[in-house]
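Me: Please take a close look at the empty spaces inside this protein. I am new to the structure, so explain the terms as you go.

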Amino acid sequence: MLTAQKKYAVSIKRDIKVPMRDGVLLSADIYMPVTDVPVPGIVVRTPYLKTSNTTHENGTYFAEQGFATMYMDVRGRGDSEGEFHAYFQDANDGYDTIQWMAEQEWCDGKIGTMGGSYLARIQWLAALKQPPNLKAMISTVSPSDPFVEWPTGIPTPFHLCWVYMTSGKVAQNVDVIDWESIYKHLPLMTADELVGKDLPRWREEFDHPYLDEYWKEMCYQTRFNEIDLPVLHISGWYDDEQIGTPLNFQGMTEQGKTEFARKNQKMIMGPWPHQVNKSTTLGEIDFGPDSVIDLNGYMVRWFNYWLKDEQNGVMAEPPINLFVMGENVWRKENEWPLKRTDWTKYYIHSKGRANSRFGDGVLSTDKPTSDEGTHDEYTYNPEDPFPFISEPTSSQIGGPDNYSAVERRDDVLVYTTSLLEEDTEVTGPVKMELFAESDAVDTDFMVKLLDVHPNGFAQRLTDGMVRARFREGMESPSLIEPGKVYQYLVDCWNTSHVFKKGHKIRIEVTSSAFPKYDRNLNTGEELGKSTRMVEAHQKIYHTEQYPSAIILPVIPRG
């Protein structure tokens, strides 16, 4: 929604060559407000080409509000020189671009950056270089550090789609490829053979299956104490990279370089997918007419405050604006996680037959006792993995999908509460303490949180996974001992949702979510480079000694 009143006419300077420190020239289009007075600048650097209709629309809009707005093709993409190596060149290039713009006669020296996804992460990388003229950021649907979103040690199958799409100077057509069959290829490292194009960057990542020096060059979430900037953080509960935005907001408010940085963070979380604020519906769920907001108008207020010193009240408002699904309302909050959270453990129970939604799995706040079954069992076969419902390309991975049909399978354990007698709000990070045993030396465990509607619709809310070899972190892989019970902490990301009276809270426990994550072949061999598969026989415990439970951030009502 573009609602702010036009203040300036706009002229466009196309294909401006901006020199980097190594002499490579990067191409930028600059949308200029027509004025004789120097104005603040906004830098947007993208691998998705600066020539799109959306880019033109947004560039024009922000220029009309009085900002010189640059859209630049990153190195090796579009009209820019050099070779594209995702993220590895963007810190220095971002610094050089910001400082170049600040030195132009038509710029007043104050620069902001904005952009989503790849465009967001490279803002953080540039900010770590501390360009003196960078004054504020808008980070939308930012990816996290390596292995935060997929703690698997290797790229996800969906990542191959993205690598292919960005593998040339221009966008490659991903819609003409049978991705579902390609994702099944083993070894996963050579799946690019079926794409029909050599993708060395794809294969390169398989040589670094844990958090080593190769990956640390693009890490920023351990370095918030080096960043002294106000940041507007934006994402959606169904953004497939959602985990990064609350982490970044919390990280900057607690660890920012100065008190100035810690006090000047804002976060907006909507009921949106990766493409935020585009529609009131997602899948079969309608979030209501208020779910799409004047986001660009808010972004202009943000930059007006920080780049033009306009006292518009934006920083006097509570720092968080979140959309509570289920009730479908926006609400202001002051911190993340919410201070009034009642961290509530919902324990799993059964008589040993929790397989499928037709089993006897129960979820309740009662602790396990000795008079019930001790565990549930299932067999995970990587040749027939439990599915993750999604379209086949990387543009959006999953949503509020209905899992009731696939919950018929016996390789998923299903635990459900009784009918809720009152509305129950869950807002914040969701984690699962899982006590599990396997007869394999390495395997995976997946946990999903769902809202079961009265008609049986099992709406996915959020989920997460743990790979057994990385149970102690991505820097210290070690195989497990077959037949030994381990405690796993599964990060299921975040949500804000009201389970309405008459609904049920449900979790699923299984060992795959394919193709969101690669299949663990259960052998302990090199990840992504092997083809041998074995079945894994899993036991999930729920006893007084091993009380598996999901920890829900319940918000008191009233």
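Reply: What follows describes the cavities, then one pocket, then some aromatic rings.

This is a predicted model, in which local features need pLDDT of at least 70 and side-chain atom pairs count only at pLDDT 80 or more, while totals for chains, interfaces and linings use all residues. Residues are numbered from 1 along each chain as its sequence is written, and side-chain values use heavy atoms, with hydrogens and water left out.

Rolling a probe the size of a water molecule over the atoms shows where empty space is left. On a 1 Å grid over the protein atoms alone, a cavity is a set of points where a 1.4 Å probe fits but cannot get out; a pocket is an open set with protein on both sides within 12 Å along at least five of seven lines; and lining residues have an atom within 4 Å of a point. Grid points are joined across faces, edges and corners, and a volume is the space filled by probe spheres set on the points.

By this rule there are 5 cavities of 30 Å³ or more. The largest cavity has a volume of about 170 Å³. Its lining consists of 21 residues, and D518, R519, N520, L521 and G528 lie nearest the centre. That lining divides into 7 nonpolar, 7 polar and 7 charged residues. Here Ala, Val, Leu, Ile, Met, Phe, Trp, Tyr, Cys and Pro count as nonpolar, Asp, Glu, Lys and Arg as charged, and the others, Gly among them, as polar.

The second largest cavity holds about 80 Å³ of space. Among the residues that line it are V43, R45, I98, M114 and Q123. Two or more lining residues come from each of β3 (39-46), α2 (90-102), β5 (107-116) and α3 (118-127). Helices (H or I, at least four residues) and strands (E, at least two) are DSSP runs, numbered from the N terminus. The most is given by α3, with 4 residues. By class, this lining has 7 nonpolar, 3 polar and 1 charged residues.

The second largest pocket contains about 620 Å³ of space. It is lined by 28 residues, with F147, V148, P151, M474 and D491 nearest its centre. Both β19 (458-467) and β20 (486-499) supply at least two residues of the lining. The classes here are 16 nonpolar, 4 polar and 8 charged.

As for rings, R121 lies over the face of Y87, at 4.3 Å from the ring centre; a charge sits over a ring if NZ of Lys or CZ of Arg is within 6 Å of the ring centre and within 35 degrees of the ring normal.
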